[in-house]
Structures are given as C-alpha cells and as structure tokens.
Amino acid sequence: MDQEQLRKEVDEIVKPWEGKEGNLIMVLHQIQNRYSYVPRDISFEVAKRLNVPLARIYEVITFYNYFKLEAPGKNIVSVCLGTACYLKGAPKLIDEIEKQIGVKPGETTPDGQFHVQAVRCLGCCGLAPVITVGQKVYSAVKPEQVAGILAEYSEPATAAAAS
Amino acid sequence: MVKAWINDIPVEVEPNTTILDAAKLVQVKIPTLCKHPDLKASAGCGICIVRVQGSNKMPRACCTPLEEGMHVITHDAEIVSVRKTVLELIMSNHPDECATCGRNTQCELQSLLADFGIREVPFDKFIPDLPKDASNGTIVLEPRKCIKCGRCIEVCQQMQNVWALSFLERGFKTRISPAGDITLSDSPCVRCGQCSAHCPTGAIFEFDDSPKAWEALGDPDLHCVVQIAPAVRVTIGEHFGFEPGVNLTPQIYAALRRMGFKAIFDTNFGADLTIIEEASEFVERFAHGKGTLPLITSCCPAWVDFMEKFHGDMIDHFSTAKSPHEMVGALAKTYYAEKNNIDPSKVFVVSIMPCTAKKYEIHRNPDMSSSGFQDVDISLTTRELARMIRQSGVDFNSLEGEECDHLLGDYTGAGTIFGATGGVMEAALRTAAHYVTGEKLAKLEFENVRGIQGVKETKINVAGHEVRIAVAHGLANVEYVIDKVRKAKENGEELPYHFIEVMACPGGCVGGGGQPYGVTDELRIKRAKGLYSEDEGLTLRCSHENPSVIKLYDEYLGKPLGEKSHHLLHTKYKRLPVYQR
C-alpha cells in the first residue's frame, strides 16, 4: 500500500474516534477487522493521528490475543482446547496438524496457506473435539481425519481427493 | 493529621502517606523491590506486604495509605515467610548468574536474597529465552534478568517521555522491549541511562568499555590522557564508602595517574571553555540580535538526541557549542599534542562521565572528530571507573590527593557547578553578565536556578535588560518549556524566555544515568551540595577568569566564536527519525 493510500485508509478509520476517550482500542479493532492484522506502518500512522506513542500501541496489541502483528494465513485453522475438547483428544489433533503442515499453534505455514491457532471453548462441547477452518466447523475429529480436512483447503485443488 | 501505630509505635503523618513512608518515620524498614522513591508504586512484587490488625488481608505498604487508628504489623513470622516465598518465586524465573552479572554485589534482588537467607528455590526453574540487546553501544538490555517491576518503563515513559521501553505481551510472557521486535538502536532511546540507574537487577546496565580502556593503557605506543566530568568528583566516593557529595577530585587525579594515564585533565576546564563560547553566543543573540532566541544549552547528549528526534523545529535555538568533554578531547589532540610534540594519532582520550549517552556522543557526527581523529576515544561511566580503580589495586580510600595537568585541567567554580541542574545556566549568566556590563558581578549566586524543582523559571536583570530564563531537568519537564516557546512563536507573541538550560537526567549530571546506583532526591541534593560548596570555596568562580582558558585563547584559539573555535569547539544538529524501523 502506498503512503497516500495508507494515510487515507487510516484517516477513514480514525476520524469517527478522534478526541474520544478509549479510542485507541476501538481504532485497533477496526484495523484488525479490516486487515486481519495490525501492520506496522499503519501503527505508525495511528500513533501520529491519535498522538499516542508507538510503544503504547504495541502494549495494547500484544496484550490482547485478538490483535495480530503478522498477516494471518489464508485459512485459519482453530483447534479448540476447551475442557471438553481437551479431554476428548484435542492435543492429539494439534500434534497431527503439525505433522501434516509443520506448524504449531500461533504459526503460519511459509506459503501463507494455513494459520493454526489454539482457542478456548468454541461453544459446541457436544461436538468435541472441534476444529474450525474459517467459518466451517468439523466435529468429533479424529487425528486420522486431519489430513483430509486440510486437503480441502490446500492449493492446487487437491480438495477433490478429500471429498 | 492521621494518627496510627506501626509495630505499636505511635506515628502521626499527613493524610495519604503510605504505610511504607510512615514506617520510615519511626525507623522501621519494610523491604521493597519494585518500589523506587522516584516513582509511583506499581505494587508489582509483593515483598512489602504488612498486616493490619483486625483484617486478615495483607496489604502492600508501598501503595496503602496509613489510616486513622490503624495498627500495622510490619514483621512477624508469617509476613517474613510470605516475603521469602515472593523472593523464591522471583528466583524461579531469574537466572542464577550473579557471579557474572553486571550488577553483582550491587543488585537489589541479590541483597534481599542475602538478607532473607534464601538458600534454595523450591519451585521449578523457568528462565525465558530472550536475547540480549547491546545494539546501541551504551545501554545493554538483558530481558532474561528482568523481574517485571516496571521501574524502567515508568522512567522511560513518564519521567523521560521517551517511550523507548514498554512491556509487551502479558502474564507469564510479559517482557521489556521497544515497540515491536526491534533493537534499542532502532528505537527512540536517547541513551540517558535512567532505566539502568533505576533497574533493581542486571536487566539493564551500561555498555562496559573498560576493557578497551585497559587495552589502550597497556599499549606502549599510545599516549593515554583522561578527563573527569564535574559530577563524577562528588559521587565516586559512594562506591568506596564515602558520604554522598564528598569531593574527591585530588584522589581521583591520583588514582588515574597510578592507573597509567600520562596526563590528567578536567572536564571542568572544558566547562569553562564551553561557557566562554556559549555566553558569547548568548550575547551575540541577545544583545546584538544575531541568531535565534531563546538560546538552548546543548551540553547534554541525551537532550541533544531527544531534541533531534522529537523537537527538530528547535534546532536553530540550540547552542552550537560542543559539550565540555568534547572540547577537551579536541584540544588534547591539537593544542596539547602540539605543545608537547606528541603525534596526535597516538593520543588516546578517555572521558570519565556520569553519563551513558556520552558513549554515543563521542561519535555522534563528524564534528566529533574535529582534530582529524575521533576527539574522545572512549567514555566511561562513574560506575566503570569505580570498578577499574578496584581492579588497578589502588587503595582509593587512603590515597593522597594530587594535582591535575594544568594545561587542560584548571577550572573555576563555574565549571564545577555544571554537574547540577541550573549549573550551566548560572555559570553562563556569570560570564554573560560580565560580557554585557564589563563589570565584576557583585553577587555570583543565582539561587533561583538551583534546586531540584523540575522546571525553574526566573527573570534577572542584566544592565537594565530583563533576561527571562528557564531551567528544566528530567526530559518530561522539557515539554512544558518547549511548548511555551513554540506557542509564542506561532502566535507571534513575546518570547517567554531568552535562555533555556536542559539536562536530561533529574537533578542534572549528579543524577546521571552512569552514576552510582540507588539515586534518590535526597542523594541528588547531597551530591549537588558537594559541587556548590566547592564553587563557594574557590577564589576564581567565573569561567572568563580561568587563567588556562585565557592562555588558550591567547596562544591558540584567538577569540571566542572565531574561526579556530568554530572548527574545534562547535557542532551542528539535524532532525532524526524517532524510529529507525
């Protein structure tokens, strides 16, 4: 993104919040939602616009799990580690995912295809253990199913093999 | 007034006095670790817990106000055992590297461990795997040793308004770091070193240049010379059991000579020289309308860095005069070398400074090599010198004092007070007033610019002209002064000041980032007193009366602000980005 475009986009996001108390977190939320992470050059621009030191912005970004500092993978794989899923074998799913695509929770595959994260309860304990990829929920997942699930999203379209 | 009891001792205090402060009044010492007297309580560590009769909670003394009728118990078996647990828990995340740590024997955590007789840590040990950052060559960050007390962050953000350091992440993963995964050298850090002066452990300390000094001293080809800053003479004693503020100038000269330095100079001489140049600059700008007002002092390298990063619009206001030790460095490799027939490439200049930022200043820009070589080769802090004296085998405590080498060593009282906030201003006024009136001042003291109040504003009368002055120390206090100047300029109003002095560290150089640990206002006052009493006791108290400075202009420099002075003694500034990354 060129500097001009960046400034325009930040301006759009910041304007409604200017001068309001607690605006930093609201602005960061919108940035996170828009870009799926908070890019550093955007943080610099926000610092300037809101007159907040960059250090404070990074304190907030790194404090809350919600904010990300790196561009996430194209497909976000969430493995539930809530109590029910945990007991039903979610840690094994995490191991299996690492075996398949070589990344641990919090990491993104080098090709940017998958970002894996461990999450707490997804609110469907009856389906434990649960994995979601994007918005799609996979229930009662067994380790041997992991390869197939991931294949649905892999490029080039190897998805056919899985379905 | 609030009346209460601490360990059954009656105590009476102002409302909102903390239990910790109240206890001090009745000679009760509650242990602290995260709390520093300069800073507001963060209530982080929990070692200062006490008990209040009638309650089964254990409040923290650092942030709990003493209330009417309270019965506070500061020490009993259970309290002591909780404090031990706090220490054991801290040690479960702290490396056992005391023997090789930069703070060995001077660590607040280590002394508490000793006091409480901690012999083993019953918890699993987990030391975070965080890299050391020595990127800026002045301050070393070792986040593995951080106990998350938050002092450095409070200092960097609130006291200094630099915002280089912050806590990133949270809970167990909390760490100190500049914003994002960048190094200190890419951050806004101005190298004032106040973080290192306030850190209770070895997580932040000065970059150790003493090996380079020893190497130079051992090199038979080099001619090593040394100079000591104004503020070092009244603080180094703290490392050797002297009272704070005791002036040990002759003993330091003697120790340095024994360590092998061929000539012992004094930065106070450079301070006198700085005043000649800076007061001339002021008179030019004030009386002859040549140049921008207010004039702002530039002796403090952390302040220069801060200005270049955050207040680039103030560049025209800055005095172009170099800091005193840079002047001495430049002259050691020209004037001194020529007079003594020494090859200037073999002269090795070491500065002993109360300061960490001086380590950066010595190669700040090409002007710092005005002699044709880097004018000052290395800059050591007071703390590094103390260690070197111990290594050298010199019995500092019973050493006979000696004299300096006069050529670049003689000084007046004006030079010595440079080490305290307001001192540069006072020294400059003594000489500027003389330049304007041509007369000897009836009274040399300018009490209104002394003391540890964060911003001091005053007006003085020089030959019928009103001179408006501001003195600020602690970088957060600068904003108020700079804002006033900026607003007046924007609105075309009368200037709020004609002359501004800024020192980055609270108290000025006596409270510098490279000074002995444990600084508080009480200590800053005692150290400054040491300087002011030396000034009072001297016959010559104005820089323009310094015979060696007069001789230097006669024999070598010509006149103040002249061509040679300009080349050797002045510098330039430029805007710098706040972040490099």
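Helices here are DSSP runs of type H or I with at least four residues, numbered from the N terminus. Keep in mind too that this is a predicted model. With that in hand, let's start at a single residue, B:Val436, which sits in helix 14 of chain B, the stretch covering residues 423–437.

What does B:Val436 touch once its neighbours within four places in sequence are left aside? The list is B:Val283, B:Val462 and B:Ala463. Take B:Val462 from that list: 26 residues along the chain separate it from B:Val436, yet their C-alpha atoms are 7.5 Å apart. Even with those contacts, B:Val436 isn't shut away. Its relative accessible area is 32%, and because buried would call for under 20% and exposed for over 50%, B:Val436 counts as partly exposed.

For a contrast, go to strand 12 of chain B, residues 347–353. Here 7 of the 7 residues are buried. In a regular strand, side chains alternate between the two faces of the sheet. In strand 12 of chain B, one side carries B:Val347, B:Val349, B:Ser351 and B:Met353, while B:Phe348, B:Val350 and B:Ile352 are on the other. Both of these faces are covered.

Which strands does strand 12 of chain B pair with? One is strand 9 of chain B (residues 223–228), in the parallel sense and over 6 bridges; within that pairing, B:Val226 has B:Val350 as its bridge partner. Another is strand 13 of chain B (residues 378–381), also parallel, over 4 bridges. There, B:Ser351 is matched with B:Ser379.

Now for the nonpolar interior. In soluble globular proteins, nonpolar side chains tend to be buried together. The largest nonpolar core in this model has 79 residues, and B:Ile204 and B:Trp303 have the most contacts inside it. Helix 7 of chain B (residues 249–259) gives the largest share of this core, 6 residues. Where does this core lie relative to domain 2 (122–206) and domain 3 (211–569) of chain B? Both domains give residues to it, so the core lies between them.

B:Ile204 is worth a closer look. Setting aside neighbours within four places in sequence, its contacts include B:Ile139, B:Val140, B:Leu141, B:Leu165 and B:Ile176. Three cysteines, B:Cys152, B:Cys195 and B:Cys199, are on the list as well, along with B:Ser196. Apart from this core there is another one, of 29 residues, with B:Val225, B:Met327, B:Ala330 and B:Val376 among them.

Next, the empty space. Searching the whole structure turns up 7 cavities of 30 Å³ or more, and the largest cavity holds about 310 Å³. It has 29 lining residues, and those nearest its centre are B:Cys299, B:Cys300, B:Pro301, B:Lys358 and B:Cys509. Helix 9 (301–310), helix 10 (324–339) and strand 16 (499–503) of chain B each give at least two residues to that lining, with strand 16 of chain B supplying the largest share, 3 residues.

The largest pocket, at about 1,700 Å³, takes us to chain A. Of its 43 lining residues, A:Asn65, A:Phe67, A:Lys68, A:Leu69 and A:Gly106 are closest to the centre. At least two lining residues apiece come from helix 2 (23–35), helix 4 (54–63), strand 1 (75–80) and strand 2 (114–119) of chain A. As for the overall layout, the domain assignment of chain A gives domain 1 (3–63) and domain 2 (75–162), and their centres, taken over C-alpha atoms, are 31 Å apart.

Technical notes: Residues numbered from 1 in each chain as written. Chains lettered and ligands numbered in written order. Predicted model: local features only at pLDDT ≥ 70, side-chain atom pairs only at ≥ 80, totals over all residues. Heavy atoms only, no water. Buried < 20%, exposed > 50% of the residue type's maximum accessible area, 1.4 Å probe, protein only. Pairing = 2+ DSSP bridges. Contact = heavy atoms within 4.5 Å. Domains from an automatic or database assignment. Core = buried A, V, L, I, M, F, W, Y, C linked by side-chain atoms within 4.5 Å. 1 Å grid on protein atoms, 1.4 Å probe; cavity = no way out; pocket = protein on both sides within 12 Å on 5 of 7 lines; lining within 4 Å. Points joined across faces, edges and corners; volume = space filled by probe spheres on them.
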